Each structure stands twice: as C-alpha cells, then as structure tokens.
Amino acid sequence: MLNLSLVRHAKSDWNNFTGDDMSRPISSKGERRTQKILNFLENKEKELIFEEIFCSPSRRTKETLKIFLNKISNVPEVFYLDDLYHSSGKDIFDTVILNAKKTKVLVVSHEPLLSSSLENFFYGSKNKYYLNAVEKYTTSAFFNVSFSCKEWFEIKKSISKINYFIKPKDL
C-alpha cells in the first residue's frame, strides 16, 4: 500500500513581499493555520510519519515544511524539486512516479499545480474530497490518498482511495 499526502504552503506574508515570488515568507496566520492541520493529523494518526518528502524550493514551502518537520515522528528524506514550483509540464503524480522510492510520501507545493494535478489524475471522480480540493485548494489544505500497489509507477485512479481533504477553516 502506498500513501501520498499533498499540502499547499502556508499563507504568505504579503507585507514582506519584495517582488521576488520565490523569497516570499509565510505569515503568522499561515503558521497558525498549518498548526491546525497538524493538530488534526496528530489526532487522526497515532504517529505522524512520512518516509520521503518532496518540496518546492520556494521559501514559503520550505517554511511550511519546517512546521511539519517539528511534528513528524521520524526523520524523513527531504528533496527540493524545481518541478514542484515551476510549470514544468509535469504534474505532481508524474513527479512522484519519477522520484519516490518510499511508501509514505508528502509533497509540499503550490496552486494551481496541486488542484490541476488532482483534476488530471482523478478526472470524473465524484468523491467529495476530490471535488472540494479542485474547487478551492486553500493555503495549508491537506489531501491524502492511498493506492493498492507496491510501486509508484503502478498508481492509477482505479486502485486509489481518497482518504480525506481538510482545510484549516474546516477545523
């Protein structure tokens, strides 16, 4: 069984925006919202474990990841991938298929890459979590899906189970 979690970076601090999108920090409101998500995850899981993490190289995704790393029970491998920031033509599922080696993976990325990747992969699904995620993938929102297979190249919609999608305002 493979498990994939997708989180959008925390809310940005536009007051400290210098025109360089890559260097935009997160706001204190974003930190609080991300903490709400982590509290939800800690209550849902006995231990918060990710074996491998793929993160956009932007400052706001790195700062969001740092909040997660403070709560994760293990020490996962972390990789910073340009494909999770730039429009490379690869969606998140392509990136995971090409790079993931472990069974429990977290991706920290941006919109519209998150919702468009979900829309491409789960096209036509009537799952309420999927529909909410493609409608509005807010900052700090968290999506989780499992796949009944052993290798990432085997993942497909027909062997997936969307477990949940949670936004900070839902908590």
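**Helix H4 and the chain around it**

Ser-117 makes contact with Asp-91, Ile-92 and Phe-93, when residues up to four places away in sequence are left aside. In this predicted model, Ser-117 belongs to helix H4. Its relative accessible area is 0%, so Ser-117 counts as buried, the cut-off being under 20%.

A second residue of the helix can be set beside it. Asn-120 also lies in helix H4, which spans residues 113-121. Is Asn-120 buried or exposed? With a relative accessible area of 57%, Asn-120 is exposed, because that value is over the 50% required. Helix H4 thus holds a buried residue, Ser-117, and an exposed one, Asn-120. Asp-91, one of the residues touched by Ser-117, also serves as a reference point for Asn-120: the C-alpha atoms of Asn-120 and Asp-91 are 8.4 Å apart, although 29 residues separate the two along the chain.

The view can now be widened to the whole chain. How many helices and strands does the chain contain? There are five helices and six strands. Read from the N terminus, the elements follow the order β-α-β-α-β-α-β-α-α-β-β. The radius of gyration of the chain is 15 Å, close to the 16 Å that the globule rule gives for 171 residues, and the chain is therefore as compact as a globular protein of that length. Along the principal axes, the C-alpha atoms occupy a box of roughly 45 × 35 × 30 Å.

Contacts within the chain can be described by sequence separation. Among contacts with a separation of 6 or more, 72% join residues that are 24 or more positions apart. As for burial, 47% of the 171 residues of the chain count as buried.

The surface and the charges complete the overall description. The chain exposes about 8,800 Å², and carbon and sulfur atoms supply 46% of this area. It carries 27 positive and 21 negative side chains. The centres of these two sets of charges lie 6 Å apart.

The cysteines remain to be considered. How many disulfides does a search of the whole structure find? The search finds zero. Cys-55 has a relative accessibility of 0% and is therefore classed as buried. Cys-149, at 8% relative accessibility, is likewise under the 20% cut-off, so this residue too counts as buried.

Methods. Residues numbered from 1 in each chain as written. Predicted model: local features only at pLDDT ≥ 70, side-chain atom pairs only at ≥ 80, totals over all residues. Heavy atoms only, no water. Helix = DSSP H or I, 4+ residues; strand = E, 2+ residues; numbered from the N terminus. Rg over C-alpha atoms; globule rule 2.2 N^0.38 Å. Buried < 20%, exposed > 50% of the residue type's maximum accessible area, 1.4 Å probe, protein only. Contact = heavy atoms within 4.5 Å. Areas by Shrake-Rupley, 256 points an atom, 1.4 Å probe, with all protein chains shown as cover. Lys, Arg positive; Asp, Glu negative; His and termini not counted. Charge placed at Lys NZ, Arg CZ, Asp CG, Glu CD. Disulfide = S-S within 2.5 Å.
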